[in-house]
Amino acid sequence: ADERGGPATRASRAVLKLLERRKLALVLDLDHTLLNSCMSAEMDEEPEASLLKFRLDHEKGTGPEGRTLHFVERLQIWTKLRPGVKKFLRQVASMFEVHVITMGTQSYADEMRQLIDPGRQHIKGSVIGLGQMDEFGELQPADKKRLDGKLSGLDSIAVVLDDHVGVWPDHEENLIEIDRYLYFPSALKQFGVWRHGASLLEKKVDEIADRSTLAAAFEVLRRVHQDFFAERAGHLALANKKAKDAAMAELARGLDSESEDADKEAREKPESTELETTPGCRDPQVPVTVPEILALEKKKVLAGTVLVFSGVFPLDAPPHEQKMWRLAEQFGGRCETQPGPNTSHVVAKTWGTGKCQWAKENGRHVVSPDWLFCSAFLWSKADERAFNPPDHRK
């Protein structure tokens, strides 16, 4: 039987063991998801060296548990843990078997695991480094990440948490995209993220653990876990009832009174009609999948909203093909090209358009595109008041 664990195949023993323990699989990225690392040489010059000293002084007296900035001598790198990462791991470990996968090397993956889970109490799944060092000492990352190898068979029950959608082309339906953690200046340069302006180190600020992206991600994971097992319990209860009803009906007809025609029909049928050999059938032990639960959770975020975009898309581009239009629909919003009685939000890069004026006159929300992105990252409708588009008319 096929044991890849997809919805149309027989689940593997490993998957069934997890489900018996009421656990799903959680596959975590490292860089810019749980932490941010940079080469030590990048922090030797000014102003980076002074900024680094400021942070180290700030962490003095916090104790090992409170430290978030670490120098990894073996790799000659500085690593900054995302605030709340250890609490996040403690929380998810009760509901998920936690795995780690990174484009970095295996030695890097092992060192980072030691930083975020020194007692190996929470990351009990695989720790995978996909990158290889070439003959010149340069990192050669893999082209993409997959749920294969040590992660094979987890497709139906795995949630993936990563800041980069593009590296999971075969498993986007399993993915929760997380806002990038860009602590060091080199990370900002790497991605060219203009809207951040400066790295967190340069701003001398950091995320607040209890209000961080990881805290929001945990809430999504908690709902996914809760909904998955509630749905599964309902399906299994219904399946058991149907099986009992069928058995009682069969008993009532009398198994010994089968006709000769029935015997002949049975002989002519293929011997095996088991689920794992029947295309399109679903394993009764996995009647609902994580991708299905994630899709339903997404739809709840902007449910009931009707969005109109203003000055956001190129005039000659079909709006329904644009990233923001598709993103809004994925998260449950309805998009229209012109404002009307059902319009709830006008998404605009700047004030001053006719649609913005219409929204103001009719008491509708006018928000910048970041409102949509923030809602998608947090999996929760963001507060519109924090996302007023700039007004260049002043």
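Trainee: Let's start with a single residue: is Trp379 buried or exposed?

Mentor: Trp379 is buried, with a relative accessible area of 3%. To read such a value, compare it with the cut-off: buried means under 20% relative accessible area. Keep in mind as we go that this is a predicted model.

Trainee: Where does Trp379 lie?

Mentor: You will find Trp379 in the segment after α13, the helix of residues 369-378. Look at its backbone too: Trp379 is not a glycine, yet its phi is positive, about 55°.

Trainee: Which other residue has a positive phi although it is not a glycine?

Mentor: Arg22 is one, and its phi is also about 55°. Arg22 belongs to the loop between α1 (13-20) and β1 (24-28). Its relative accessible area is 46%, so it counts as partly exposed.

Trainee: How do I read contacts around a buried residue?

Mentor: Choose a residue, set aside its close neighbours in sequence, and see what is left. Take Phe331, in the loop between α11 (323-330) and β12 (334-336). Phe331 counts as buried because its relative accessibility is 5%. Beyond four places away in sequence, Phe331 touches Lys298, Lys299, Val301, Leu302, Ala303, Ala376 and Trp379.

Trainee: So Trp379 is back! How many residues apart along the chain are Phe331 and Trp379?

Mentor: They are 48 residues apart along the chain, and 8.1 Å separates their C-alpha atoms. Now try the same reading with Glu59, which sits in helix α2.

Trainee: Is Glu59 buried or exposed?

Mentor: With a relative accessible area of 7%, Glu59 is buried. Leaving out neighbours within four places in sequence, Glu59 is in contact with Arg67, Thr68, Leu69 and Lys80.

Trainee: How should I read a sheet?

Mentor: The strands of a sheet pair through backbone hydrogen bonds, in a parallel or an antiparallel way. So ask for the strand order and for the sense of the pairing. One open sheet here has three strands in the order β2-β4-β3, with antiparallel pairing.

Trainee: Which strands stand at the edges of that sheet?

Mentor: The edge strands are β2 and β3 (69-72); each has a single partner strand, so one side of each has no neighbour in the sheet. Neighbouring strands here are turned by 20° against each other on average, ignoring direction. Helix α5 packs on this sheet, where it touches β2, β3 and β4, and the direction of α5 makes about 45° with that of β4.

Trainee: How many bridges link β2 and β4?

Mentor: Five bridges link β2 and β4 (residues 77-81), in the antiparallel sense. You can follow two examples: Ser37 has Thr79 in β4 as its bridge partner, while Met39 has Ile77. Strand β2 (residues 35-39) is also mostly covered, with four of its five residues buried.

Trainee: What comes after β2?

Mentor: The loop between β2 and α2 (48-59) contains Pro47. A cis peptide bond joins Glu46 and Pro47, with omega at about 5°.

Trainee: What is the strand order in the open sheet of five strands?

Mentor: The order is β6-β5-β1-β9-β10, and the pairing is parallel. At the edges are β6 (127-129) and β10 (175-177), each of which pairs on one side only. On average, neighbouring strands of this sheet are turned by 20° against each other, direction ignored. Helix α5 packs on this sheet, touching β5 (96-102) and β6, and the direction of α5 makes about 140° with that of β6.

Trainee: How many bridges join β9 and β10?

Mentor: Three bridges join β9 (residues 158-162) and β10, in the parallel sense. Within that region, Leu161 stands opposite Ile176 in β10.

Trainee: Last topic: what volume does the second largest pocket have?

Mentor: The volume of the second largest pocket is about 880 Å³. Of the 30 residues that line it, those closest to its centre are Asp31, Ser37, Gly104, Tyr108 and Leu139. Elements that give two or more residues to the lining are β2, α5 (106-116) and α6 (185-191).

Trainee: And how many of the lining residues are nonpolar, polar and charged?

Mentor: The lining has 12 nonpolar, 11 polar and seven charged residues. Now look for Ser37 yourself: it is among the residues closest to the pocket centre, and it is the bridge partner of Thr79.

Notes: Residues are numbered from 1 along each chain as its sequence is written. This is a predicted model: local features need pLDDT of at least 70, side-chain atom pairs count only at pLDDT 80 or more; totals for chains, interfaces and linings use all residues. Side-chain values use heavy atoms; hydrogens and water are left out. Buried means under 20% relative accessible area, exposed over 50%, partly exposed in between (1.4 Å probe, protein chains only). Two strands pair if DSSP finds at least two bridges between them. On a 1 Å grid over the protein atoms alone, a cavity is a set of points where a 1.4 Å probe fits but cannot get out, and a pocket is an open set with protein on both sides within 12 Å along at least five of seven lines; lining residues have an atom within 4 Å of a point. Grid points are joined across faces, edges and corners, and a volume is the space filled by probe spheres set on the points. Ala, Val, Leu, Ile, Met, Phe, Trp, Tyr, Cys and Pro count as nonpolar, Asp, Glu, Lys and Arg as charged, and the others, Gly among them, as polar. Axes are lines fitted to C-alpha atoms, for helices over the stretch in contact, and angles run from 0 to 180 degrees between N-to-C directions. Contact means heavy atoms within 4.5 Å.
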